[in-house]
Amino acid sequence: MNQTEAEFSYRLWRHDGAQGELIPLLQSAQDHFGYIPRRAIKYISGVAKVPESKIYGVITFYSQFRLQPMGKHAIRMCTGTACHVANAGMLLETIEDELGIEVNGTTEDGTFTLFSVACIGCCSLAPVMMVDDDTHGSLTPVTTRRIVRKVRRKTLAGEKKAAAEKPEEDAAASPAKE
Ligand code: FES
């Protein structure tokens with residue numbers, strides 16, 4: 001058991017046996033792991049004496065809970081009223097199509113997680129999405145795809161660069177052979 005799991009178990013122990021504690025337990029798991037892994041569900045099921053199927057039901061009911069780890073980048077598409085009337089729904093479908101995931105999903109390569117969110121306070125720029133901390137407004141399907149592809153390209157380039165530099169660092173770190 002690593003440290004994260006040990007802390008998580010400690011929190012569970014504090015809730016042990018209490019009725020109606022499922023939500024705090026799930027929140028606790030998500031705080032620790034960043035999502036709710038299968039082993040946490042198994043564990044919670046044992047502690048709270050709730051069938052795993054019921055726990056899955058609760059997790060999928062509340063959008064705050066995640067069954068997958070977060071991607072490197074979070075895309076938050078605003079579907080508040082102003083954005084909704086400015087075709088945010090179509091843009092959300094555009095992103096889903098571009099990334100091959102649905103809302104709350106993470107791409108297979110772990111680059112993106114997609115969220116649908118309520119008003120983010122830039123209604124005059126509707127329709128709006130945020131990619132991490134950057135806000136993008138007056139979106140069209142074309143500009144939306146362009147932004148997503150640009151972030152993906154930058155991420156891949158950064159990963160390639162890091163991979164290319166790694167052998168040099170490793171060589172520098174290892175003692176020279178005689
Ligand atoms: S409704 Fe989208 S920013 Fe306000």
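**A chat about helices, a sheet and some loops**

Reader: Where do I start? How do α3 and α4 sit against each other?
Author: This is a predicted model. In it, the axes of helix α3 (residues 38–48) and helix α4 (residues 52–61) come within 9 Å and cross at roughly 120°. That angle makes α3 oblique to α4.

Reader: Why oblique?
Author: Because roughly perpendicular ends at 115 degrees and roughly antiparallel begins over 145, the crossing of α3 and α4 at roughly 120° counts as oblique.

Reader: Is the crossing left-handed or right-handed?
Author: Right-handed, for α3 passing α4.

Reader: Which residues of α3 are buried?
Author: Ala40, Ile41, Ile44 and Ala48. Looking down the axis of α3, these buried residues fall within an arc of 100°, so they line one face of the helix.

Reader: Why would residues that are not next to each other in sequence point the same way?
Author: An α-helix has 3.6 residues a turn, so residues three or four places apart point the same way.

Reader: And what does the face of α3 turned away from the buried side carry?
Author: Exposed residues: Arg38, Arg39, Lys42 and Gly46.

Reader: Let me step back. How many helices and strands are there?
Author: The protein has seven helices and four strands. Read from the N terminus, the elements go α-α-α-α-β-α-α-β-β-β-α.

Reader: What share of the residues is buried?
Author: 20% of the 178 residues count as buried.

Reader: On to the strands. In what order do they lie in the sheet?
Author: The order is β2-β1-β3-β4, in an open sheet with mixed pairing. β2 and β4 are the edge strands, each pairing on one side only. On average, neighbouring strands of the sheet are turned by 20° against each other, direction ignored.

Reader: Take β1 and β2. Do they run parallel or antiparallel, and over how many bridges?
Author: Parallel, over six bridges. β1 covers residues 73–78 and β2 covers residues 112–117. One pair to look for is Ala74, whose bridge partner in β2 is Thr113.

Reader: And what about β1 and β3, parallel or antiparallel?
Author: β1 pairs with β3 (residues 129–131) in the antiparallel sense, over three bridges. Arg76 stands opposite Met130 in β3.

Reader: That leaves β3 and β4. How many bridges join them?
Author: Three, and the two strands run antiparallel. Val131 has Asp134 as its bridge partner in β4.

Reader: Now the loop between β2 and β3. Which residue there should I look at?
Author: Pro127 is found in that loop. The peptide bond leading from Ala126 to Pro127 is cis, with omega near 0°.

Reader: Which other loop residues have a backbone angle to check, say between α5 and α6?
Author: Asn87 is in the loop between α5 (81–85) and α6 (88–99). Its phi is near 80°, a positive value in a residue other than glycine.

Reader: Is Asn87 buried, exposed or partly exposed?
Author: Partly exposed, because Asn87 has 16 C-beta neighbours inside 10 Å.

Reader: And Ser138, where is that?
Author: Ser138 is in the loop between β4 (134–136) and α7 (141–173). Phi of Ser138 is near 50°, again a positive value in a residue other than glycine. Ser138 is exposed, with 11 other C-beta atoms within 10 Å.

Reader: Back to α6. What span should its 12 residues have?
Author: At 1.5 Å a residue they should span 16 Å, and the end C-alpha atoms of α6 are 16 Å apart, which agrees.

Reader: Which residues of α6 are buried?
Author: Ala88, Leu91, Leu92, Thr94, Ile95 and Leu99. Seen down the axis of α6, they fall within an arc of 155°, so they line one face of the helix.

Reader: What comes just after α6?
Author: Gly100, which takes a positive phi of about 70°. Ile101 is found in the loop between α6 and β2. Ile101 counts as partly exposed, with 19 C-beta neighbours inside 10 Å.

Reader: Why doesn't Ile101 count as buried?
Author: Because buried needs 20 or more other C-beta atoms within 10 Å, and Ile101 has 19.

Reader: How far apart are Ile101 and Leu114 in space?
Author: 7.8 Å, C-alpha to C-alpha, with their positions 13 residues apart in sequence numbering.

How values were computed
Residues are numbered from 1 along each chain as its sequence is written. This is a predicted model: local features need pLDDT of at least 70, side-chain atom pairs count only at pLDDT 80 or more; totals for chains, interfaces and linings use all residues. Two strands pair if DSSP finds at least two bridges between them. A residue is buried if 20 or more other C-beta atoms lie within 10 Å of its own, exposed if 12 or fewer, and partly exposed in between; C-beta atoms are placed from the backbone. The expected span of a helix is 1.5 Å times one less than its number of residues. The arc is that of the directions from the helix axis to the C-beta atoms. Axes are lines fitted to C-alpha atoms, for helices over the stretch in contact, and angles run from 0 to 180 degrees between N-to-C directions. Angles under 35 degrees count as roughly parallel, over 145 as roughly antiparallel, 65 to 115 as roughly perpendicular and the rest as oblique. A crossing is left-handed if the near helix is turned anticlockwise from the far one by less than a right angle, and right-handed if clockwise.
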